[in-house]
Amino acid sequence: MPQTPEPDLTAALPSAAREIEEFVAAAGWDQPTQVFALVPTRILLNAEPGLADQLDPDSALTPIAQESLPADDLAEALARIEWPEQVAGCALVQEIVVLPPEAEAELPDDAEAARRTAAEHPERQEARLVAAVLRDGGEACVMRLRAEGDEPGERIEDRSLAPNLITALHATFAE
């Protein structure tokens with residue numbers, strides 16, 4: 001059962017999720033699934049004082065990019081992740097296909113068939129999803145809809161956007 005999160009880290013989590021989305025967006029679309037460790041900035045600066053000119057000391061959390069995850073079996077890849085105690089949270093960024101609710105309700109039960117159906121649906125919309133959790137229970141989600149051309153697209157923030165992914169990320173901290 002998650003403990004009560006530190007208030008400053010909980011308050012900083014949505015900002016960290018936005019920062020991660022902006023960082024990944026700088027590389028454009030069609031990026032692999034990426035994971036970030038979320039480390040309290042004060043812990044990072046104490047351990048590595050030489051980073052002081054590269055980090056925002058006013059930011060409670062600093063995202064640290066990890067190796068990209070394989071796209072084929074995300075659940076299996078997440079199940080193998082273990083975090084050292086200095087890591088207060090983690091975030092995962094992946095590109096997804098969003099469908100209108102009525103189209104989503106009509107998807108086949110088979111995961112691969114559902115993926116193909118969604119990819120071919122005329123009302124599909126591509127998006128970049130960032131789901132972030134804290135070891136002790138905080139949660140945040142940011143989704144950026146892909147727009148035509150060079151426009152940034154609409155950003156939606158709602159911690160309930162990816163409940164299964166949030167659960168899987170919390171499980172990476174299970175002892």
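## Charge, fold and strand pairing in a predicted model

The protein carries 12 positive and 35 negative side chains, and the centres of these two sets lie 1 Å apart. The structure is a predicted model, and every value below is computed from it.

**Overall dimensions and surface**

A compact globule of 175 residues would have a radius of gyration near 16 Å; the protein has 17 Å, and so agrees with that expectation. Taken along the principal axes, the box filled by the C-alpha atoms is roughly 50 × 40 × 25 Å. The exposed area of the protein is about 10,400 Å², of which carbon and sulfur atoms supply 48%. Buried residues make up 38% of the 175. Among contacts with a separation of 6 or more, 66% are between residues 24 or more positions apart.

**Secondary structure**

The protein contains 6 helices and 6 strands. In sequence order, these elements follow the pattern α-β-α-β-α-β-α-α-β-β-β-α.

**Strand pairing**

Strand β3 (residues 89-98) pairs with β1 and also with β4; strand β4 in turn pairs with β5. The table sets out these pairings with their bridges.

| Strands | Sense | Bridges |
|---|---|---|
| β1 (residues 34-40) and β3 (residues 89-98) | antiparallel | 5 bridges |
| β3 and β4 (residues 125-134) | antiparallel | 10 bridges |
| β4 and β5 (residues 139-145) | antiparallel | 7 bridges |

Individual residues fix the register of each pairing. Between β1 and β3, L38 has G89 as its bridge partner. Between β3 and β4, I96 is bridged to A127, and V93 stands opposite V130. Between β4 and β5, the bridge partner of A132 is A140.

Strand β4 is mostly covered, with 8 of its 10 residues buried. In a regular strand, side chains alternate between the two faces of the sheet. The hairpin formed by β4 and β5 has 4 residues between the strands, and G137 takes a positive phi near 120° there.

**Helix α6 and the β4-β5 hairpin**

H170 is placed in helix α6 (residues 163-171). Leaving aside neighbours within four places in sequence, H170 is in contact with V133, L134, G137, G138 and E139. Of these contacts, G137 is the residue with the positive phi in the hairpin of β4 and β5. H170 and G89 are 81 residues apart along the chain, yet their C-alpha atoms are separated by 8.6 Å. G89 is also the bridge partner of L38.

**L55 and the loop between α2 and β2**

L55 lies in the loop that connects α2 (41-47) with β2 (61-65). Is this loop residue buried or exposed? L55 has a relative accessible area of 17%, and because buried means under 20%, L55 counts as buried. Outside its neighbours within four places in sequence, L55 is in contact with L44, L45 and T62. By the residue ranges of the two elements, L44 and L45 fall in α2 and T62 falls in β2. L55 and D109 are 54 residues apart along the chain, and their C-alpha atoms are separated by 45 Å.

Notes. Residues are numbered from 1 along each chain as its sequence is written. This is a predicted model: local features need pLDDT of at least 70, side-chain atom pairs count only at pLDDT 80 or more; totals for chains, interfaces and linings use all residues. Side-chain values use heavy atoms; hydrogens and water are left out. Two strands pair if DSSP finds at least two bridges between them. Buried means under 20% relative accessible area, exposed over 50%, partly exposed in between (1.4 Å probe, protein chains only). The radius of gyration is taken over C-alpha atoms; the globule rule is 2.2 Å times the number of residues to the power 0.38. Contact means heavy atoms within 4.5 Å. Accessible areas come from the Shrake-Rupley method with a 1.4 Å probe; for residues, only the protein chains shown count as cover. Lys and Arg count as positive and Asp and Glu as negative; His and the chain ends are not counted. The place of a charge is taken as NZ of Lys, CZ of Arg, CG of Asp or CD of Glu.
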